[in-house]
Amino acid sequence: MEFSPGGGGRSGGNDVKLLSKTLQVEHKLFYFDLKENPRRRYLKISEKTSATRSTIIVPFNGIAWSNGDN
């Protein structure tokens, strides 16, 4: 299965992609998509290997942004 930048799935077609980044670590690809729909803004994170693909969705207000101060 290949990654489709347009999304799909259960989005209902109302989602707007605000930002998209890809990161490759060894044999894995990670996709970070910041999206928005009429109800919310969220971050979709997908991990793709040669055999599997996993996705999580995090509400934007649930992300702890850090500037390095701990």
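## Reading a four-stranded sheet

Modeller: The secondary structure of the protein chain comes to zero helices and four strands, and since we are looking at a predicted model, I would like to learn how to read its features one by one. In what order do the elements of the protein chain run from the N terminus on?

Biologist: From the N terminus on, the order is β-β-β-β. The chain has 70 residues, of which 20% count as buried, and its accessible surface comes to about 5,500 Å², with 51% of that area belonging to carbon and sulfur atoms.

Modeller: How do the four strands form a sheet, and in what order?

Biologist: The general idea is that strands of a sheet pair through backbone hydrogen bonds, either in parallel or in antiparallel fashion. In this structure the four strands make an open sheet with the order β1-β2-β3-β4, and the pairing is antiparallel. Strands β1 and β4, the latter spanning residues 53-59, stand at the edges with a single partner strand each, so one side of each has no neighbour in the sheet. From one strand to the next, the twist averages 15°.

Modeller: Over how many bridges do β1 and β2 pair, and which residue in β2 is the bridge partner of V25?

Biologist: Strands β1 and β2 pair over nine bridges in the antiparallel sense, and the partner of V25 in β2 is K28. The hairpin that these two strands make has two residues between the strands, and within this hairpin E26 takes a positive phi near 55°.

Modeller: And how many bridges join β3 to β4?

Biologist: Seven bridges join them, where β3 covers residues 41-48 and the two strands run antiparallel. One position to look at is K44, which stands opposite I57 in β4.

Modeller: Which residues does I56 touch, leaving aside those up to four places away in sequence?

Biologist: I56, which lies in strand β4, touches L43, K44 and I45 when residues up to four places away in sequence are not counted. The C-alpha atoms of I56 and S46 are separated by 6.5 Å, although these residues are 10 positions apart along the chain. I56 has a relative accessibility of 49% and therefore counts as partly exposed, given that the exposed class begins over 50%.

Modeller: What share of the contacts with a separation of 6 or more comes from residues 24 or more positions apart?

Biologist: In the protein chain that share is 13%.

Modeller: Let us turn to charged side chains. How many salt bridges does a search of the whole structure find?

Biologist: The general idea is that side chains of opposite charge can pair when their charged atoms come close. Here a search of the whole structure finds three salt bridges. In one of them the side chains of D33 and K17 meet, with an N to O distance of 3.9 Å. D33 belongs to strand β2 (residues 28-36) and K17 to strand β1, so this pair ties together parts that are 16 residues apart in sequence.

Modeller: That distance deserves some care when one reads it against a cut-off of 4 Å. Are D33 and K17 buried or partly exposed?

Biologist: D33 is buried, with a relative accessible area of 1%, whereas K17 is partly exposed, with 31%.

Modeller: Where in the chain do K28 and E47 lie?

Biologist: The side chains of K28 and E47 meet in a salt bridge at 3.1 Å, taken from N to O. The pair links distant parts of the chain, with K28 in strand β2 and E47 in strand β3, 19 residues apart. K28 is partly exposed at a relative accessible area of 29%, and E47 also counts as partly exposed, at 25% relative accessibility.

Modeller: With which residue does the side chain of R41 meet in a salt bridge?

Biologist: The partner of R41 is E36, and their N to O distance is 3.2 Å. R41 is partly exposed, with a relative accessible area of 34%, and E36 is partly exposed as well, with 29%.

Modeller: Finally, which residues make the nonpolar surface patch of about 240 Å²?

Biologist: V16, L18 and L19 make that patch. L18 lies in strand β1, which covers residues 16-25, and at 38% relative accessibility L18 counts as partly exposed. Strand β1 is also one of the two strands at the edges of the sheet.

Conventions
Residues numbered from 1 in each chain as written. Predicted model: local features only at pLDDT ≥ 70, side-chain atom pairs only at ≥ 80, totals over all residues. Heavy atoms only, no water. Patch = residues over 30% accessible without salt bridge, like charges linked within 9 Å, V, L, I, M, F, W, Y side chains within 5 Å. Areas by Shrake-Rupley, 256 points an atom, 1.4 Å probe, with all protein chains shown as cover. Buried < 20%, exposed > 50% of the residue type's maximum accessible area, 1.4 Å probe, protein only. Pairing = 2+ DSSP bridges. Axes fitted to C-alpha atoms, helices over the stretch in contact; angles between N-to-C directions. Contact = heavy atoms within 4.5 Å.
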